Each structure stands twice: as structure tokens, then as C-alpha cells.
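Colleague: Could we take a close look at one part of this model together, starting with its aromatic rings? I am new to this, so please show me how that part connects to what lies around it.

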Amino acid sequence: MKILLLGSGGREHALAWKICQSPLVEQLWVAPGNAGTARLAASDCRSDAPHFAPCTNVDMRADDFDAVKALVLREHIDMLVVGPEDPLVKGVADVFRSDEQLAHVLVVGPSKAGAMLEGSKEFAKQFMSKHHIPTAAYRAFTPDTLDEGLAFLASLQPPYVLKADGLCAGKGVLILPTLEEAQRELRAMLDGMFGSASSTVVVEEFLSGRECSVFVLTDGRDYRLLPVARDYKRAGDGDTGLNTGGMGSVSPVSFADAEFMRKVEERIVRPTVEGLAAEGIDYHGFIFLGLIRVDRDYTNAKAGDPMVIEYNVRMGDPETETVMLRLKSDIVPLLEATARGSLGTTTVEEDSRSAVCVMLVSGGYPEAYGKGFRMSGLDAVSDAVLFHAGTALKGDDVVTNGGRVLAVSAYGDSQEQARARAYEEVAKIDFQDARYRHDIAATS
């Protein structure tokens with residue numbers, strides 16, 4: 001099978017690493033990819049997989065659908081796997097399913113209508129309300145209803161949660177400690193802080209508890225759960241500083257026990273999949289459930305129950321960098337069954353080991369940061385898998401090309417062992433202004 005994977009981050013490198021281990025794969029292309037996918041080789045496998053397919057980067061944007069089509073036809077590609085959310089929200093799955101030349105290609109990714117679960121916070125909240133899926137109480141506001149929004153904020157208890165309705169590359173959620181700040185930021189968001197993405201703003205009650213990420217593959221009828229993970233959003237140790245795209249992750253998650261996951265399936269996963277089907281939404285792909293195990297009673301849940309913070313319509317980053325390590329099953333039959341509508345015939349096997357990912361970032365991230373810094377020490381890493389997030393090749397050198405640069409992911413027979421290995425290996429890598437959190441997976 002020939003596969004094209006769209007995307008350029010750590011999530012895509014981790015997916016590519018897992019896909020290439022399948023004996024079903026003849027060739028993988030990644031568009032546009034990064035320095036990690038450009039150098040992906042069997043030596044990166046760190047498993048007993050006897051096969052490792054060649055991987056080739058293609059210099060094109062993931063949302064350039066004409067270029068994607070040309071590549072698919074030229075290379076006789078059999079399956080498209082969509083990594084990031086942007087092409088999905090723009091309708092890449094619909095383009096393939098409606099084009100006679102492309103309709104035979106298997107597509108792992110929801111339709112444009114399904115991608116609205118991530119593309120519009122208001123749509124997602126309405127969907128959850130309609131299908132009785134537990135989530136925080138909310139209201140949505142536009143510039144015309146600003147005064148109502150200010151009054152609604154005044155009716156809530158701090159802290160205050162404001163979410164831009166549209167896609168903001170992970171930056172459209174604000175959690176504010178005072179009413180004054182919340183009202184000021186609501187005005188700014190509706191005045192264009194995030195461009196058209198914040199022309200509508202969702203204001204919701206703050207949920208208190210412990211968060212985790214649950215990943216679902218669904219063919220629109222059946223579903224399979226992948227290993228559960230937790231990520232660490234704040235930039236600084238002790239969960240301090242600004243929110244980021246994620247400073248690390250761990251899998252499994254200690255509090256996501258069998259009873260908690262039973263509730264997740266019963267109250268969230270099944271109603272979500274059934275709700276999509278009931279609304280006639282074509283959905284063949286990943287659903288990422290950002291969940292919280294609440295530590296007190298709410299209107300829609302009791303203490304200890306799961307509630308939905310958000311939906312995403314793709315795998316998470318940096319959670320994928322631990323989930324792929326713990327997914328023991330060959331991922332390609334799962335992806336193929338997802339696209340074909342036969343997921344009910346598959347099984348998922350998890351690795352019993354723990355996995356911990358520590359993210360190396362550029363100094364200044366998530367605000368202003370430099371690029372183009374030469375990286376050293378990559379070849380010295382011996383006991384972890386390196387997933388490139390924001391990197392590029394400059395001649396023979398790997399250089400930084402983003403805020404989140406490199407995910408260092410390690411196995412261990414326990415969480416403590418995996419954590420120790422990840423930190424031992426991350427210390428070998430260096431570039432100008434490199435930094436990382438020191439408390440990833442200290443708890444889960």
C-alpha cells in the first residue's frame with residue numbers, strides 16, 4: 001500500500017514512524033514533513049518490527065488540494081491520512097470523495113461537516129447539548145451581543161473561560177482569574193484579537209479536576225479506543241506560565257481507570273459516534289476527546305465523572321508522541337478499516353510499558369522566538385525516540401524551525417523509569433536558547 005500523510009509536526013512524525021513499521025506499506029509520503037520525516041529510517045524504529053517502509057517528504061502545503069491531487073495520481077497512492085485540522089476544516093475529505101479521479105483513494109479524516117466539531121466551538125457545544133454529552137455550561141456571543149456577554153461573565157464564578165469559535169492554532173482559549181480581565185479580553189476577542197476566528201466567542205464555566213486525552217478511531221458506526229494520554233499545557237514547571245501547544249505527555253494516565261473509562265465510553269464516546277450518525281455526518285477518522293475528571297459536582301456530572309472540555313478531529317500533539325509508542329497493534333489495518341467502514345472487525349492491543357515525552361522548545365515560546373539554530377546531540381540519543389516538531393534541514397544540519405522543536409519520547413517498565421530515560425536523553429540535545437519543563441510526568 002502507498003500512503004500519503006499530510007502535516008509537518010511532531011504528531012505527523014510519530015504517525016509516520018508507526019505507519020512505516022507496517023508490512024502492508026510499500027511507500028510513505030509526508031507533505032510537507034520536517035527534518036525528522038526526511039531522515040526517518042529503520043534505525044529509528046526501536047522495536048522488533050522486521051519491516052520499515054521508505055519515507056519521502058514532499059514540498060507542498062497540506063491545504064494545497066490541487067497539488068495533493070496531482071501527487072496522489074502521479075504516485076498511485078492508495079490511502080490519504082490527514083494529520084492536522086486545517087485541511088479537514090477546509091474540506092479535503094469532501095474533495096477526495098466527490099472527485100471521480102480520487103474517489104477510489106481511502107481517506108482517514110472526517111468530512112467538512114464532521115470537522116466542525118473542532119472548527120467551531122459553538123457547533124461542538126450545541127452538538128453536545130443536543131446529544132446529552134456532559135460538558136460545561138456555556139453561551140456564545142458576537143459583537144452585537146457584547147453587553148449580554150459581559151453580563152453573563154458577571155453571573156459566573158472565577159476563573160473565566162473564553163474560547164474563540166474558530167481555529168486559532170491552539171491559541172484561542174483564555175482562562176482568566178478576574179472578572180475585570182475576562183470582560184476586557186472578551187471585548188478584545190470580539191474586536192478581532194484572533195481575526196475572524198473570534199467573531200463569535202464561547203464563554204463557559206470553568207471545570208475543576210484532572211485532564212486527560214482520549215483518542216477514538218471511528219468509521220461512523222463502530223469505534224476503537226487508542227491508549228489514553230495526558231499532556232502538559234503550561235510553559236513553566238509546576239503548571240505555571242502561558243498556555244502552549246503542549247510541553248510533554250505521558251501514557252497511561254493513572255486516574256483513567258477501568259470505571260472512569262467505562263463512563264467515558266457510555267456517556268461520551270458512544271453518544272458522540274451515534275450523534276454523528278443520527279445527523280447524517282460522514283465521519284471516518286480520529287476523534288480527540290479533551291476530557292476532565294471533575295473533582296466536584298456540576299449540573300451535568302458528579303465528582304469523579306468525565307466531562308468534555310473540547311473535541312478535536314485529529315490526533316493530539318504531543319500526546320501522539322506517547323500514544324504511538326504504546327499502540328502495539330499495526331496501525332495501518334486500523335486506518336484502512338476506518339476508511340472502509342469495517343472497524344468492527346479489528347482489535348487494538350496496547351503495550352504494557354509506560355511512555356513519557358518531553359518537548360524541547362525555543363526560548364521565548366509560546367511568544368516570540370528565533371529560528372534557524374543548529375541542533376547538536378541528536379545522534380547521541382540511544383534510549384529514546386526523537387519526534388521532530390519544528391525542524392528543517394539546512395545542508396547536512398538539522399536546524400530549529402518552530403517554537404516546539406523536538407519531542408523526546410521514552411519507554412519504561414514504569415512511569416518513573418520512562419520519565420528518567422526521557423530526561424537523560426533530552427539533556428544530550430542542544431541548540432541556542434533551548435529549554436524544557438523539568439516536571440513532565442512527575443504526576444499523572
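Modeller: Happy to! One term comes up again and again, so let us settle it at the start: a residue is called buried when its relative accessible area is under 20%, exposed when that is over 50%, and partly exposed in between. Please also keep in mind that this is a predicted model.

Now to the rings. The structure has seven aromatic pairs. One of them joins phenylalanine 127 and tyrosine 311, whose ring centres are 6.2 Å apart and whose planes meet at 75°, an edge-to-face arrangement. The two partners come from distant parts of the chain, 184 residues apart: phenylalanine 127 belongs to helix α7, and tyrosine 311 to strand β17. With a relative accessibility of 2%, phenylalanine 127 counts as buried. Tyrosine 311 is also buried, at 3%. Phenylalanine 255 and phenylalanine 260 make another pair; their centres are 6.0 Å apart and their planes stand at 75°, so this pair is edge-to-face too. Here again we find buried rings, with phenylalanine 255 at 6% relative accessibility and phenylalanine 260 at 1%.

Let us follow each partner of the first pair outward. Phenylalanine 127 sits in helix α7, and this helix, residues 121-130, lies across β6, β7 (160-164) and β9, running at about 45° to β9. A second helix, α8 (residues 146-155), lies across β6, β7 and β9 as well, and runs at about 155° to β6.

What is the order of the strands in that sheet? The open sheet has four strands, arranged β6-β9-β7-β8, and their pairing is antiparallel. At its edges are β6 (138-141) and β8 (173-176), each pairing on one side only. From one strand to the next, the twist averages 20°. Four bridges hold β6 against strand β9 (residues 201-205) in the antiparallel sense, and one of the matches across them is arginine 139 with valine 203 in β9.

Arginine 139 has another partner, through its side chain: a salt bridge to glutamate 148, with 3.1 Å from N to O. In general, side chains of opposite charge can pair when their charged atoms come close. Unlike the buried rings, this couple is partly exposed, arginine 139 at 35% relative accessibility and glutamate 148 at 41%.

Now for the other ring partner. Tyrosine 311 lies in strand β17, which takes part in an open, antiparallel sheet of four strands ordered β11-β10-β16-β17. Both β11 (223-225) and β17 (306-312) have a single partner strand, so one side of each has no neighbour in the sheet. The average twist from strand to strand is 30°. At the other end of that order, β10 (residues 209-218) and β11 pair in the antiparallel sense over three bridges, and threonine 218 stands opposite tyrosine 223 in β11.

Just past β17 comes a salt bridge worth a look. Which residue does arginine 314 pair with? Its partner is glutamate 85, and the closest N and O atoms are 3.2 Å apart. Arginine 314 lies in the loop between β17 and α11 (320-326), while glutamate 85 is in helix α4 (residues 85-89), so to speak a long way back along the chain: the two are 229 residues apart. Are they buried or exposed? Arginine 314 counts as buried because its relative accessibility is 11%, and glutamate 85, at 14%, is buried too. In total, the structure contains 31 salt bridges.

Finally, let us put the first pair of rings in its wider setting. The largest nonpolar core has 73 residues, and Leu28, Met324, Leu335, Leu406 and Ile429 have the most contacts inside it. Strand β18 (residues 354-362) gives the most to this core, seven residues. A second, separate core has 52 residues, including Phe127, Cys212, Val264 and Tyr311. Our edge-to-face partners, phenylalanine 127 and tyrosine 311, therefore both belong to that second core.

Methods:
Residues are numbered from 1 along each chain as its sequence is written. This is a predicted model: local features need pLDDT of at least 70, side-chain atom pairs count only at pLDDT 80 or more; totals for chains, interfaces and linings use all residues. Side-chain values use heavy atoms; hydrogens and water are left out. Two strands pair if DSSP finds at least two bridges between them. Axes are lines fitted to C-alpha atoms, for helices over the stretch in contact, and angles run from 0 to 180 degrees between N-to-C directions. A nonpolar core is a set of buried Ala, Val, Leu, Ile, Met, Phe, Trp, Tyr and Cys residues joined through side-chain atoms within 4.5 Å. Buried means under 20% relative accessible area, exposed over 50%, partly exposed in between (1.4 Å probe, protein chains only). A salt bridge is a side-chain nitrogen of Lys or Arg within 4 Å of a carboxyl oxygen of Asp or Glu. Contact means heavy atoms within 4.5 Å. Rings of Phe, Tyr and Trp (its six-membered ring) pair if their centres lie within 6.5 Å; planes under 30 degrees apart count as stacked, over 60 as edge-to-face and the rest as tilted.
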